[in-house]
2 protein chains.
Amino acid sequence: MNAYQALTERFQRLARLDHLSAIAGWDMQTMMPSGGSDARGEALAELSVMHHEILVQSSTAELIALAQQETLNSDQQANLNEISRHYADAALLPTELVEAKALAGSRCEQAWRQQRIENDWQGFQRNLTPVVELSRQEAQLRAKALGCSPYDALLNLYEPGMTSQRLDTLFGELIQWLPELLQQIVAKQPASSTVQTHRVFPLSQQKALAESVMQLLDFDFTHGRLDVSAHPFCGGVPTDVRITTRYNTDEFLSALMGVIHETGHARYEQNLPKQWPGQPIALARSTAIHESQSLFLEMQLGRSKAFLQRLHPLICQHLTAATDLSLNDLVQQVQHVSPGFIRVDADEVSYPAHIVLRYEIERSLINGEVEVSDIPELWDEKMQRYLGLSTAGNYRNGCMQDIHWTDGSFGYFPTYTLGAMYAAQLFNTLQQQLPNLDEAITLGNLAPIFAWLKENIWSKGSRFPVDSLIQQATGETLNPKWFKQHLERRYLGD
Amino acid sequence: MNAYQALTERFQRLARLDHLSAIAGWDMQTMMPSGGSDARGEALAELSVMHHEILVQSSTAELIALAQQETLNSDQQANLNEISRHYADAALLPTELVEAKALAGSRCEQAWRQQRIENDWQGFQRNLTPVVELSRQEAQLRAKALGCSPYDALLNLYEPGMTSQRLDTLFGELIQWLPELLQQIVAKQPASSTVQTHRVFPLSQQKALAESVMQLLDFDFTHGRLDVSAHPFCGGVPTDVRITTRYNTDEFLSALMGVIHETGHARYEQNLPKQWPGQPIALARSTAIHESQSLFLEMQLGRSKAFLQRLHPLICQHLTAATDLSLNDLVQQVQHVSPGFIRVDADEVSYPAHIVLRYEIERSLINGEVEVSDIPELWDEKMQRYLGLSTAGNYRNGCMQDIHWTDGSFGYFPTYTLGAMYAAQLFNTLQQQLPNLDEAITLGNLAPIFAWLKENIWSKGSRFPVDSLIQQATGETLNPKWFKQHLERRYLGD
């Protein structure tokens with residue numbers, strides 16, 4: 001057995017541990033009774049320690065060095081690059097720093113759940129400060145190894161190859177035109193419909209509707225399932241993808257759109273390449289590419305008029321309280337734009353403003369240009385500038401609304417808007433390549449769309465860097481103009 | 001840190017891996033879509049290999065030897081004994097034998113599922129023969145180390161301290177009186193009731209009934225749940241016990257009695273000692289003691305007239321198709337005795353005959369006195385002698401009905417009837433110690449019963465050997481007369 005083969009066996013072993021983590025983690029969010037959480041947390045932590053020990057043992061570095069001297073084909077070379085990246089990401093930090101950050105993060109997150117409710121910024125600030133401090137230490141160590149800025153080093157954990165220089169341009173331009181576009185759209189759109197008021201949509205009907213929509217979207221139920229959790233997510237493993245939603249009996253669209261979103265993540269996972277089992281090259285390319293797939297299904301496809309025409313009869317068929325919902329009402333509700341405080345409730349037009357704001361603050365925070373205590377003022381100022389809303393004193397609906405910073409996931413936020421941009425670019429290419437796309441969508445003939453995604457994105461796994469993947473699929477690297485065009489056409493067009 | 005502490009840390013780590021195995025295993029039986037099974041099987045096998053590697057590493061033996069020289073209190077000494085036993089059980093076999101047996105067992109079990117349907121004894125025999133051969137090799141290696149017969153060595157994996165000499169006496173006496181008692185009971189009982197014919201019991205109503213009965217039996221829903229699986233079991237971990245049942249819309253009693261049975265297992269798990277987290281001393285004592293708890297709840301308590309009086313209104317309340325079921329009908333159905341081919345469908349009077357038959361055959365098989373090809377004839381002969389039924393040519397309902405032998409779990413069967421005997425002995429003691437027990441049961445005042453079980457069995461974990469545990473609880477070691485008395489009183493008495 002050569003060094004490369006030895007490495008692939010080691011990574012297959014790690015993938016099997018990841019499998020068990022994924023299922024036990026899913027169970028924790030969906031099935032586990034409350035009293036099971038302490039022991040479950042300990043078991044998952046133990047597995048994570050074992051995973052880390054196997055990954056960073058000195059022989060891994062030795063095998064990588066040896067494998068780099070071996071004759072490999074281009075797939076193997078790409079896999080070795082991914083193996084090296086995963087190894088370096090894990091091995092770079094001293095164990096004490098990893099543990100200290102995990103502890104501070106878990107403490108901050110736990111306390112945040114209550115502090116947010118109580119609008120307790122002072123309390124939150126005390127817990128967030130050490131998380132930021134440890135994240136800065138992590139960023140500096142990673143930056144030194146990678147030869148980049150501290151913030152870029154964290155960004156690369158989620159989006160390999162992305163830089164803040166590039167984000168400054170992408171997001172800087174976007175935030176020039178977005179506030180005005182938003183005003184134009186809000187001024188133009190009809191008053192929001194009230195058709196759903198005082199209606200009851202039973203959970204069993206909503207679930208049946210969700211599953212029929214998943215079927216329409218070709219979700220493979222022999223390799224996955226739909227359940228309920230407090231915070232919707234896509235988990236599990238490629239052979240067994242677990243998506244979740246949360247139902248509300250007063251209103252069905254947010255659960256339904258959430259299911260379409262998670263189905264986008266799920267189809268990516270279910271269609272990742274199978275010829276490299278357990279290898280990093282077979283994993284999803286990046287966080288932004290993953291988000292591009294969920295937003296492709298939810299925003300580009302799912303909220304389009306063509307798709308809503310196909311969805312409309314399914315809704316009327318499954319929900320007894322929605323039989324009189326008109327297609328027009330449905331489109332109005334699904335495409336309603338309304339700037340608000342909360343990112344997760346935002347429409348696709350306001351959403352990027354929430355992201356640019358967070359990106360600008362977290363970049364400065366990690367690079368040491370601002371401090372935790374500066375956050376509320378920065379937040380309020382940017383909210384006013386980008387969305388015309390003030391969050392002064394309203395921490396709970398301002399800088400305390402998200403979970404991401406509580407455990408130090410700095411560098412994650414930009415991937416949401418990068419995902420939206422990639423999704424628009426991919427959908428635009430598809431429109432060029434498939435004539436009569438809207439008609440096919442209206443008829444529910446989605447197979448050509450999925451075949452295209454499978455060929456160009458899903459089946460590629462991590463075979464190519466992001467830029468190369470997107471270039472091959474669309475003929476150019478990330479170009480934000482398609483996102484802008486998408487918003488203008490959907491919300492100001494016809 | 002001394003050697004004993006190092007050992008306890010190692011076993012806590014192993015317990016955390018067991019936690020993940022238990023949850024992923026439960027998920028496989030209850031939640032996993034069909035396409036997930038290969039990758040899940042590989043992940044679980046990987047975890048099991050890691051578990052084995054950690055357990056049998058040479059330093060474990062060294063630490064045990066060092067700990068035996070350390071000053072330990074009696075709890076620690078008992079734990080060290082259990083640690084040594086677990087280590088020896090695992091370390092005794094060469095890896096190649098473990099792997100060969102796992103492979104042959106998995107092959108035989110897989111094929112058996114179809115071969116049983118097709119009544120294909122020849123095909124099954126071909127697969128079972130290597131399983132028996134490898135089990136004999138295992139038994140001989142273990143026997144040599146323990147200084148006992150090959151069969152006893154396997155028996156000890158499930159029931160530490162039990163011998164076939166003792167079983168020969170217990171089961172030999174039992175099978176003297178059982179066939180006649182069975183005839184007497186069948187002759188005496190009224191014709192079976194047909195009250196359930198052509199009724200429909202919706203699953204949702206049965207589930208609500210099952211959960212209300214679990215509540216009556218003090219199942220802790222903050223540390224466990226009830227789900228559905230093809231084969232009912234009790235899984236999970238003590239902090240999160242997962243029991244399952246299977247519902248049939250034509251008939252509700254088998255699911256309900258199954259739930260009561262699994263609740264017995266579950267309450268034992270939920271009430272194991274908490275002061276030794278992750279240590280072998282905190283585990284359930286043995287397979288037979290575990291079964292004694294399920295049979296205590298199902299047979300001693302659950303099928304008693306007193307309990308059925310309490311159960312009756314709950315059934316009428318939850319099942320709309322059972323509102324006219326009389327208490328008398330209920331008792332008749334629950335206590336109906338009818339010798340049949342299938343062990344898992346057997347009433348508590350016929351059940352031991354199925355076990356004695358299997359015990360006699362597997363003991364001779366492992367000790368090399370009979371061969372696989374002899375099984376069908378032996379089976380038929382014993383079925384005729386013990387239950388008056390012939391299984392000649394009927395392999396599917398004869399020697400091919402059980403899963404146990406397919407993967408080489410020889411030594412397991414006796415624990416079912418040992419469990420029934422322990423249950424009768426425990427219940428008899430309780431009757432002596434708690435005056436007006438029947439009245440309390442009828443009123444649903446079960447707290448004193450559970451307090452007694454908790455004090456005498458559950459909270460002891462593996463602190464004492466089986467004989468000592470039973471002696472402390474009942475004043476004597478296993479005495480089969482209480483089981484005989486129980487059957488006579490319930491089925492021939494008043």
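How many residue pairs are in polar contact across the interface of chain A and chain B? The rule finds 20 such pairs, both residues of each having pLDDT 80 or more. Keep in mind as you look around that this is a predicted model.

**Confidence**

Let's start with how far the predictor trusts its own work. For the complex it gives an ipTM of 0.93 and a pTM of 0.94. Chain A has an average pLDDT of 96, and 99% of its residues score at least 70. A general caution still applies: where pLDDT is low, the predicted coordinates should not be read in detail.

**How the two chains are arranged**

Chain A can be superposed on chain B by a rotation of 179°, with 0.0 Å of shift along the axis and an RMSD of 0.1 Å. The two copies are therefore related as by a two-fold rotation axis. Both copies use the same surface, since 100% of the contact residues of chain A recur in chain B.

**The interface**

Here are the interface values for chain A and chain B side by side.

| Interface item | Value |
|---|---|
| Residues in contact | 34 residues of chain A, 35 residues of chain B |
| Area buried between chain A and chain B | about 2900 Å² |
| Part of that area on carbon and sulfur atoms | 58% |
| Salt bridges | 12 salt bridges |
| Polar contacts | 20 residue pairs |

Of the area that chain A buries against chain B, 20% is supplied by A:Arg13, A:Arg16 and A:Leu20, more than by any other three residues.

For a salt bridge to inspect by eye, try A:Asp27 with B:Arg242, whose closest N and O atoms are 2.8 Å apart. Which elements of chain A give two or more residues to the side that touches chain B? They are helix H1, helix H2 (37–56), strand E1 (224–228) and strand E3 (240–245). H2 of chain A gives the largest share of that side, with 11 residues.

**A closer look at one residue**

A:Thr8 is a handy residue to visit in helix H1, which spans residues 3–30 of chain A. Is A:Thr8 buried or exposed? A:Thr8 counts as buried because its relative accessible area is 16%, and the cut-off for buried is under 20%. Setting aside neighbours within four places in sequence, A:Thr8 is in contact with A:Asn79 and A:Gln279.

Definitions and conventions:
Residues are numbered from 1 along each chain as its sequence is written. Chains are lettered from A and ligands numbered from 1 in the order in which they are written. This is a predicted model: local features need pLDDT of at least 70, side-chain atom pairs count only at pLDDT 80 or more; totals for chains, interfaces and linings use all residues. Side-chain values use heavy atoms; hydrogens and water are left out. Helices (H or I, at least four residues) and strands (E, at least two) are DSSP runs, numbered from the N terminus. Buried means under 20% relative accessible area, exposed over 50%, partly exposed in between (1.4 Å probe, protein chains only). Contact means heavy atoms within 4.5 Å. Copies are superposed by least squares on the C-alpha atoms of residues with pLDDT of at least 70 in both. pLDDT is the predictor's confidence in each residue, from 0 to 100. Buried area is the accessible area (1.4 Å probe) that two parts lose on being put together, summed over both. A salt bridge is a side-chain nitrogen of Lys or Arg within 4 Å of a carboxyl oxygen of Asp or Glu. A polar contact is a pair of N or O atoms within 3.5 Å; within protein, one must be able to donate a hydrogen and the other to accept it, and residues adjacent in sequence count only if both atoms are side-chain atoms.
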